[in-house]
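Hello,

Here is the structure for your files. Notes on what was found follow below it.

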Amino acid sequence: MQKTNSGMQKTHLELTQVGISFPTEKGPFVALQNVNLHIKKGEFVSLIGHSGCGKSTVLNIVAGLHQATTGGVILNHKEVTEPGPERAVVFQNHSLLPWLTVYQNVELAVKQQSDGKKTKAEIRDWVEHNLELVHMSHALDKRPNEISGGMKQRVGIARALAMQPEVLLMDEPFGALDALTRAHLQDSLMEIQAQLNTTVMMITHDVDEAVLLSDRIVMMTNGPAATIGEILTVDLPRPRHRLQLADDPSYNHYRHQVLSFLYEKQRKVEDLGSKREKKQQNKTQASA
Ligand SMILES: Nc1ncnc2c1ncn2[C@@H]1O[C@H](COP(=O)(O)OP(=O)(O)OP(=O)(O)O)[C@@H](O)[C@H]1O
Ligand SMILES: [Mg+2]
């Protein structure tokens with residue numbers, strides 16, 4: 001089914017003048033400043049930007065895990081002050097409970113979310129269905145320390161999807177996965193999101209992933225005091241198919257826009273500078 005704009009007109013999630021300053025030994029560190037973003041119901045928004053610019057911090061503020069120092073976040077006309085079951089988070093580093101099995105980790109989230117409304121059999125079916133989506137049915141009884149990093153990440157994704165949240169917050173969810181599994185999960189995510197009209201905010205470092213999945217790509221400036229540099233609207237029809245898009249000129253145009261933002265407009269000058277310095281040092285040492 002093709003997503004129409006009428007399905008996502010109301011602002012669902014609103015970030016207004018969001019800023020945050022962390023106390024550090026050297027004094028307050030302003031990580032974010034003046035972040036303004038209105039996200040509509042059912043919209044898929046990606047955040048992209050260089051390492052350390054503040055992407056996870058934005059996500060954690062929306063999740064209610066950090067409090068903004070200035071401004072704030074409104075979800076469904078209510079201010080976000082703490083975490084809530086309508087916002088599921090897939091963390092950058094999986095956050096499974098180590099004493100529970102794969103099955104139990106997902107079951108716990110489903111039980112909390114269903115609030116006693118699902119029968120035992122319904123819970124079991126739903127947990128199994130979501131673990132099947134991420135190809136983890138073979139490891140239901142394993143504990144997190146018995147499975148690989150990519151597998152843990154997949155269980156984290158299953159747990160978030162199983163909660164059927166209104167807002168799905170994902171911090172580099174597919175970063176640790178092999179290319180095939182990643183493609184499979186990206187496709188499943190697009191399908192699930194279209195079916196449930198979930199609002200998604202996803203952090204990624206992968207330009208292709210951002211263009212394939214997003215309605216808008218939010219590109220962040222480098223920190224400190226990072227903010228939104230540009231927002232790119234990806235106007236490609238849905239459903240989207242990676243193979244068809246590979247040769248699509250608009251797809252490649254969007255890719256180019258993001259690459260140019262990252263590697264021309266927001267080039268990490270300090271990093272290049274320090275690399276040059278290192279090279280110079282090595283040369284001097286070699287000739288000494
Ligand atoms: N609790 C904290 N105390 C002090 N500084 C922090 C804290 N959390 C984050 N920061 C700083 O805020 C900045 C943004 O961090 P953040 O984790 O949001 O970056 P990121 O864009 O997610 O990076 P990456 O792509 O590497 O995950 C960094 O400079 C980081 O060192
Ligand atoms: Mg991060």
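Helix 4 (residues 149–162) lies across strand 6 and strand 7 (167–171). Its direction is at about 175° to strand 6. Helix 8 (residues 249–265) lies across strand 3, strand 9 and strand 10, at about 170° to strand 10. Axes here are lines fitted to C-alpha atoms, for helices over the stretch in contact, and angles run from 0 to 180 degrees between N-to-C directions. Contact means C-beta atoms, placed from the backbone, within 7 Å.

This is a predicted model: local features need pLDDT of at least 70, side-chain atom pairs count only at pLDDT 80 or more, and totals for chains, interfaces and linings use all residues. Residues are numbered from 1 along each chain as its sequence is written, while chains are lettered from A and ligands numbered from 1 in the order in which they are written.

Now the sheet. It is open, has 6 strands in the order 6-7-8-3-9-10, and its pairing is mixed. Strand 6 (87–90) and strand 10 (228–233) are the edges, each pairing on one side only. Neighbouring strands are turned by 15° against each other on average, direction ignored. Two strands pair if DSSP finds at least two bridges between them. Strand 3 (residues 44–48) and strand 9 (residues 216–220) run parallel, joined by 4 bridges. Ser 46 stands opposite Ile 217 in strand 9.

Overall, the protein has 9 helices and 10 strands. These are DSSP runs numbered from the N terminus (helices: H or I, at least four residues; strands: E, at least two). Of the contacts with a separation of 6 or more, 72% join residues 24 or more positions apart.

Best wishes

Definitions and conventions
Two residues are in contact if their C-beta atoms, placed from the backbone, lie within 7 Å.
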